[in-house]
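The following exchange examines why certain labels are applied to parts of a protein structure. Each answer sets a value against its criterion and draws a conclusion.

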Amino acid sequence: RGAALSCPPPGQRDGRRRVGPEGLRGPPRGINWLSLSPDGQRLLTGSEDGTARLWSTADGQCCALLQGHESYVTFCQLEDEAAFTCSADCTIRRWDVLTGQCLQVYRGHTSIVNRILVANNQLFSSSYDRTARVWSLDKGQISREFQGHRNCVLPLAYSAPWDLPSAPCVEEAVAGGLLVTGSTDGTAKVWQVASGCCHQTLRGHTGAVLCLVLDTPGHTAFTGSTDATIRAWDILSGEQLRVFREHQGSVICLELVNRFVYSGSADRTVKCWLADTGECVRTFTAHRRNVSALKYHAGTLFTGSGDACARAFDAQSGELRRVFRGHTFIINCIQVHGQVLYTASHDGALRLWDVRGLRGAPRPPPPTRSLSRLFSNKVPGEKLQVTVSAVKSSSSRCREKHLLQEQPLQVEQPFQVLCQVLLRPGTTGACGCRKGRVYQRGAFHRAEGTVPEVQAREPP
């Protein structure tokens with residue numbers, strides 16, 4: 001089976017402990033996010049115990065333990081010289097990747113910080129306090145606050161000024177770039193970063209906006225929602241360009257590659273759409289539960305599902321190439337780097353799989369942004385063991401086959417995802433409702449593509 005990750009509590013070092021084929025289980029607190037460095041040599045994990053950890057993928061050792069948050073870490077991003085974490089304690093922290101020292105604390109949000117994004121030497125954040133903010137990286141001060149959403153703000157995307165038209169009528173408005181945010185109030189908004197003004201409000205969805213991707217050359221945003229649709233928008237004019245309507249359940253995740261939009265849904269399918277026309281050209285139907293994660297890599301589409309399996313499809317033909325079995329619960333996130341597939345599950349394991357031998361289309365052009373920004377996957381676990389599993393056919397079970405390294409890397413245990421928003425049990429909005437039954441925060445929400453029923457209110 002794939003390699004599993006488990007994590008000793010802070011203060012306990014167990015870096016040499018071997019992990020068997022079934023993997024080890026860590027403490028009851030899990031990891032909520034994983035970020036991979038641009039060169040793939042380091043990992044950053046954010047945990048339910050309020051800590052983050054830096055790991056070397058070369059020797060499996062913990063490079064630094066980042067302590068300081070007073071509540072669980074919801075998201076993290078690893079850049080070349082700094083690591084960034086955000087937390088339910090309403091703060092964001094910047095860390096030195098060499099020493100593990102906290103360099104800056106960003107204070108100002110009044111509720112859980114859901115997402116952060118580092119771009120163009122700026123730090124952007126979204127929160128349950130219904131705002132998004134941009135911060136000065138060095139001073140830790142708020143540069144702009146974006147107010148206007150009537151409910152919590154979830155996904156973020158940024159378009160730099162040089163990616164936008166230079167026509168005189170828009171040049172001043174987009175001088176600092178545009179920030180796009182999605183919210184559970186059913187709207188997405190486009191903000192002028194330089195002024196903090198709302199440039200456009202994108203109305204049309206009848207459910208929460210769970211995910212978005214940005215086509216910066218075409219200044220087009222694609223949003224996925226609990227209303228089972230994907231919508232394409234011109235972020236300059238606010239015009240709705242087209243609606244993708246064939247899903248029968250919430251759209252949980254999106255991936256934009258080479259003018260194709262891939263969407264994973266609670267209806268158990270992935271669909272491939274032509275970005276320019278909205279035509280559905282392919283449907284991937286092997287999943288027995290919701291599709292919770294997507295990643296395109298070198299002509300192969302990898303998926304993670306609530307049926308506890310990851311799958312590899314030929315992106316052009318739709319043919320199922322492999323099924324990766326070994327997890328016992330929903331796969332919350334996936335990551336691909338080189339010839340290794342990372343899968344993270346609510347069962348408490350992070351597994352590594354050898355994906356050599358998957359033939360596909362030629363590799364797309366290298367990304368111009370850091371991998372930590374492109375990969376929006378969540379990973380549990382602390383002890384990244386380096387035994388990797390391979391499957392010979394699309395139906396065979398995983399077996400120990402390739403030993404990639406000689407020492408294990410520790411990765412922490414599972415985390416719980418609520419449509420890309422993490423909540424503490426018992427807090428407002430920390431439950432979802434289906435058929436009259438209330439469910440506490442946990443894998444149900446991710447599996448069914450639902451979000452908390454939070455009444456929209458006017459901002460104070």
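Q: What makes the contact between aspartate 276 and arginine 259 a salt bridge?
A: In this predicted model, the closest N and O atoms of aspartate 276 and arginine 259 are 2.5 Å apart. A salt bridge requires a side-chain nitrogen of Lys or Arg within 4 Å of a carboxyl oxygen of Asp or Glu, so the pair of aspartate 276 and arginine 259 qualifies. Aspartate 276 lies in the loop between β23 (270-274) and β24 (280-284), and arginine 259 in the loop between β21 and β22 (260-265), so the pair ties together parts that are 17 residues apart in sequence.

Q: Why are aspartate 276 and arginine 259 called partly exposed?
A: Aspartate 276 has a relative accessibility of 49%, and arginine 259 has a relative accessible area of 35%. Partly exposed covers what lies between under 20%, called buried, and over 50%, called exposed. Both values fall in that range, and the label therefore applies to aspartate 276 and to arginine 259.

Q: How do you know that glutamate 255 and lysine 295 form a salt bridge?
A: Their closest N and O atoms are 3.9 Å apart, and the limit is 4 Å. Glutamate 255 belongs to strand β21 (residues 251-257) and lysine 295 to strand β25 (residues 291-297), so this salt bridge ties together parts that are 40 residues apart in sequence.

Q: Are glutamate 255 and lysine 295 buried or exposed?
A: Glutamate 255 has a relative accessible area of 13%, while lysine 295 has a relative accessibility of 2%. Because buried means under 20%, glutamate 255 is buried, and lysine 295 is buried as well.

Q: What other salt bridges does the structure hold?
A: The structure holds 11 salt bridges. One of them joins the side chains of glutamate 319 and arginine 321, at 3.4 Å from N to O. Glutamate 319 is partly exposed, with a relative accessible area of 43%. Salt bridges that share partners also join Asp129, Arg133 and Glu145 into one network.

Q: Why is the ring pair of phenylalanine 222 and phenylalanine 244 called edge-to-face?
A: A search of the whole structure finds 9 aromatic pairs. In the pair of phenylalanine 222 and phenylalanine 244, the ring centres are 6.2 Å apart and the planes meet at 65°. Centres within 6.5 Å make a pair, and planes over 60 degrees apart count as edge-to-face, so both conditions are met by these two rings. Phenylalanine 222 lies in strand β18 (residues 220-225) and phenylalanine 244 in strand β20 (residues 240-244), so the pair ties together parts that are 22 residues apart in sequence. Both residues are buried.

Q: Which residues do ring pairs link into a cluster?
A: The cluster consists of Tyr262, Phe284, Tyr296 and Phe313.

Q: Why is cysteine 309 called buried, and cysteine 102 partly exposed?
A: Cysteine 309 has a relative accessibility of 5%, and buried means under 20%. Cysteine 102 stands at 25% and therefore counts as partly exposed. The structure holds 0 disulfides.

Q: How many helices and strands does the protein have, and where does UniProt place the WD repeat feature?
A: The protein has 3 helices and 37 strands. The unreviewed UniProt entry places "repeat: WD" at several stretches, including residues 66-105 and 244-283. Residues 66-105 are 0% helix and 57% strand, with end C-alpha atoms 13 Å apart. Residues 244-283 are likewise 0% helix and 57% strand, with end C-alpha atoms 13 Å apart.

How values were computed:
Residues numbered from 1 in each chain as written. Predicted model: local features only at pLDDT ≥ 70, side-chain atom pairs only at ≥ 80, totals over all residues. Heavy atoms only, no water. Disulfide = S-S within 2.5 Å. Buried < 20%, exposed > 50% of the residue type's maximum accessible area, 1.4 Å probe, protein only. Helix = DSSP H or I, 4+ residues; strand = E, 2+ residues; numbered from the N terminus. UniProt positions renumbered as here; feature names shortened; annotations may be inferred. Phe/Tyr/Trp six-rings, centres within 6.5 Å; stacked < 30°, edge-to-face > 60°.
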